[in-house]
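Reader: I should like to go through one strand and its surroundings. Could you show me the chain, please?

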Amino acid sequence: MGPVHTLKKYCYKSDSGLLWFMPYFTVILPTFNRHEKTRHAIESVLSQTCHDFELIVVDDGSTDDTPRLQEEFSRRITYIRQDNGGVSAARNRGLRQAKSPYLAFIDSDDLWLPHKLEEHKIFIGANPTIRIHQSEETWIRKGRRVNPRTKHLKKEGHIFIPSLDLCLISPSAVVMHHGLFDDYGFFDENLPACEDYDLWLRITAHEETGLIKKELMIRYGGHEDQLSQKYWGMDRFRIYAILKILSQRNDTLPLEYQLAAKDKALEKLHILLAGSKKRERSELTEILADMIEKVKNEDYNNIDYPILLTI
């Protein structure tokens, strides 16, 4: 039996006939070795004016004091600890635990403003056909507020094509209907970074994206433990995502989207190719040149795009 909407919560019926209730939102917070930052993130969620949520904290094998948060917040959170598997594995663990109709995420180094979930619930009520939406955000880089560049400005509606260039949805800003993961899959655990970019492409290829034009979260950046600081050539992960969707879902994409994805893949591949030639990486140069030819010929099924994760 599917969920039956009530005034405050969703009611579910088990095979044995028992009823139980789940909150409107499940909030998933993945973390790894960020005890203090995670504590502040948890506090920002627990301070919400909307109380119709559960908070799942997934500790991805931390070796610092992060496990102490389980005792500190006691019954106010669901604390799950697993062996280190990366942020995608941590988010997916939380997703498998969640049963609420709407899902939200917060990264361990970000903060929510107190009325964030309340604003999302209002938006959902006014836009019931939009299954994914996000809020605006405040950017803090190295302790100072900065304004996003024009290319980073968030968009609403059908945003697949502009999303090919860079990630336009922030995990800590987004709220999604649970059914999206049934339709488009979970976070790709093979990706060490840009896992959100990959998921947003799969979703925005078919879904309209909503936007709450209010800054409801604080996004921090510029610190050393960010994934973007850890890996070289982040665009290779984005190329992987584009080639994956062209290989696996090309027949479901509108022609305009197919051509835009092809052009963006070629653009990013040529940039990587120029870099590999400059650094005299002959093996990488050969791999990228072969990919370029296959993309030009739209021979997507024969592209070994997973190799981009290991080069």
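Author: What follows concerns a predicted model and the pairing of one of its strands.

Reader: Before the details, what is the mean pLDDT of the chain?

Author: The chain has a mean pLDDT of 92, and 91% of its residues reach 70 or more. Over residues 1-9, however, the pLDDT is below 50. That stretch has 18 contacts in the model beyond near neighbours in sequence. Where pLDDT is low, the predicted coordinates should not be read in detail.

Reader: Now to strand β9. Why is it described as largely enclosed?

Author: Strand β9 covers residues 132-141, and eight of these 10 residues are buried, so the rest of the structure largely encloses it.

Reader: In which sense does β9 pair with β12, and over how many bridges?

Author: The two pair in the parallel sense over nine bridges, with β12 spanning residues 209-221. Within this pairing, Trp139 has Arg219 of β12 as its bridge partner.

Reader: And β11, parallel or antiparallel to β9?

Author: Strand β11, residues 174-177, pairs with β9 in the antiparallel sense, over three bridges. Here Ile132 is opposite Met176 of β11.

Reader: What do β9 and β10 form?

Author: They form a hairpin, with two residues between the strands. Strand β10 comprises residues 144-146 and runs antiparallel to β9, joined to it by three bridges. Ile140 faces Arg145 of β10 across this pairing.

Reader: Which residue in that turn has a positive phi?

Author: Lys142 does, with a phi of about 50 degrees.

Technical notes. Residues numbered from 1 in each chain as written. Predicted model: local features only at pLDDT ≥ 70, side-chain atom pairs only at ≥ 80, totals over all residues. Heavy atoms only, no water. Buried < 20%, exposed > 50% of the residue type's maximum accessible area, 1.4 Å probe, protein only. Helix = DSSP H or I, 4+ residues; strand = E, 2+ residues; numbered from the N terminus. Pairing = 2+ DSSP bridges. pLDDT = per-residue confidence, 0-100. Contact = heavy atoms within 4.5 Å.
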